[in-house]
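Open the model in your viewer and keep the sequence panel beside it. We will walk through it one selection at a time.

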Amino acid sequence: MTITNGYCTQSELQIHLENTQDISDAMTSRCEQAISQSSRFIDLYTGRIFYSATLTAEKLDIYAMSPNGLYINADRRDRIYSPAPILTLTSITEDDVSVGTVDVDYFIYSPLAGSIGDCSIVKSGGGLWSKDNQAISLTGTIGYASTPWEVKNLCLEISALIMRAKESYLTNSSGDIVGQFEQVLPKLTLLTLKMLRRKIVV
C-alpha cells in the first residue's frame, strides 16, 4: 500500500524499531499499514490534521464543522477557526460576495512559531460572520509543509506499538485503531496526544 499523509516514513520507523536489515515486501507492507493507522488515529484523537489539505470552495457556517474541520464560533460569530495553520488563502466569500483583502478587511491569527494550535480569521472592525446556512466559502490550503517533530515522534511510538503487538486487538477488521488502544499507550505518548487535542470555542 502507499502511505497517504503519513507522519513518519518506513525507514524512520525501521530505525526506531532497530530493524533496518529486513527489506522484505512483508516488512514494507506492515510498516506502511502501521504508519497509516497511527497517522489517522492521531488526526482523530486530536481533532487536527498535520499535513497539507486543499480547501476548494470549503463551505462553512455556525451549524457544523466543514469537511476539513473549520468552524465559526456559534455564540459570538466573530472568528473562523481552522484546525491547522492557513498556508494560503486565495479567497473568502460571504453570501457570494468577496470579503476583501487580508490585513485590510480581515486578519489571520496563527499560533506562535513552532507551536500547535488553531488558526483564526477575524473581520476588521469587529464584524460578525454570517449566520446563514453554508454562507461562508474559503479557497486555499491549511496544514503543515512538514510534519511537526512531536507528531512525528507520536507516529513512530504508536506505529512501533502496532508492529510489536502479537495480536491484532489494537485494530478492527477495517484496520482502524479501536478504543482500547488508548489504554495501552505509554503515559508520555498519551499525555502528548492530550496536549495536542483541539479545544472547541463556542
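Before the first stop, one term: two strands count as paired if DSSP finds at least two bridges between them. With that in hand, select T88, which stands opposite T141 in β8. Please bear in mind throughout that this is a predicted model.

**Confidence colours**

Colour the chain by pLDDT. The average over the protein chain is 87, and 92% of the residues score at least 70. Which elements mark the two ends of the scale? The highest mean belongs to β8, at 95, and the lowest to α4, at 73. Where pLDDT is low, the predicted coordinates should not be read in detail.

**The first sheet**

Go back to T88 and T141 and show the strands around them. β4 (residues 86-94) and β8 (residues 136-142) run antiparallel to each other, paired over seven bridges. They belong to an open sheet of four strands in the order β1-β8-β4-β5, with antiparallel pairing. Now select residues 53-60 and 97-98: these are β1 and β5, the edge strands, and each pairs on one side only. As you look along the strands, remember that in a regular strand the side chains alternate between the two faces of the sheet.

**The second sheet**

Next, select β2 (residues 71-72) and β3 (residues 79-82). This antiparallel pair is held over two bridges. Which residues face each other here? Y71 has Y81 as its bridge partner, while I72 stands opposite I80. Six residues lie between the two strands of this hairpin, and in the turn you can click on R77, which has a positive phi of about 55°.

From β3, step across to β7. These two strands pair in the antiparallel sense over four bridges, and R79 is found opposite V122 in β7. Zoom out and you have another open sheet of four strands, ordered β2-β3-β7-β6 with antiparallel pairing. Its edge strands are β2 and β6 (106-109), each pairing on one side only.

**Into the core**

Show side chains for I42, I80, I92, I121, I136 and L138. These residues have the most contacts inside the largest nonpolar core, which has 48 residues. Elements giving two or more residues to this core are α2, β1, β4, β7 (119-123), β8, α3 and α5. Of these, α3 gives the most, with eight residues.

Centre the view on I121 and display its surroundings. Leaving out residues up to four places away in sequence, its contacts include I80, I86, L89, I92, F107, I108, W129 and L138. D78 and R79 are also among the residues that I121 touches.

**Two helices**

Select residues 149-164 for α3. Why does its length look right for a helix? With 16 residues at 1.5 Å a residue, it should span 22 Å, and its end C-alpha atoms are indeed 22 Å apart. Now highlight its buried residues: E150, V151, L154, C155, L156, I158, S159, A160, I162 and M163. An α-helix has 3.6 residues a turn, so residues three or four places apart point the same way. To see what covers the buried residues of α3, add α1 (10-16), α2 (25-46), α4 (181-184) and α5 (187-196), which are among the covering parts.

Stay with α2 for a moment. Its 22 residues reach 32 Å from first C-alpha to last, close to the 32 Å expected at 1.5 Å a residue. Just after α2 comes G47, with a positive phi near 75°.

**Cysteines**

Select the cysteines. How many disulfides does the structure hold? There are zero. C31 is in no disulfide, and the nearest cysteine sulfur to it, that of C8, is 8.7 Å away. Is C31 buried or exposed? It counts as buried because its relative accessibility is 0%, under the 20% limit. C119 is buried too, with a relative accessible area of 1%.

**Last stop: G6**

Finally, select G6, in the segment before α1. At 25% relative accessibility, G6 counts as partly exposed. Draw a distance from its C-alpha to that of T147: they are 8.9 Å apart in space, although 141 residues separate them in sequence. Setting aside neighbours within four places in sequence, G6 is in contact with I35, S39 and T147.

Conventions. Residues are numbered from 1 along each chain as its sequence is written. This is a predicted model: local features need pLDDT of at least 70, side-chain atom pairs count only at pLDDT 80 or more; totals for chains, interfaces and linings use all residues. Side-chain values use heavy atoms; hydrogens and water are left out. The expected span of a helix is 1.5 Å times one less than its number of residues. Buried means under 20% relative accessible area, exposed over 50%, partly exposed in between (1.4 Å probe, protein chains only). Contact means heavy atoms within 4.5 Å. A disulfide is a pair of cysteine sulfur atoms within 2.5 Å. A nonpolar core is a set of buried Ala, Val, Leu, Ile, Met, Phe, Trp, Tyr and Cys residues joined through side-chain atoms within 4.5 Å. pLDDT is the predictor's confidence in each residue, from 0 to 100.
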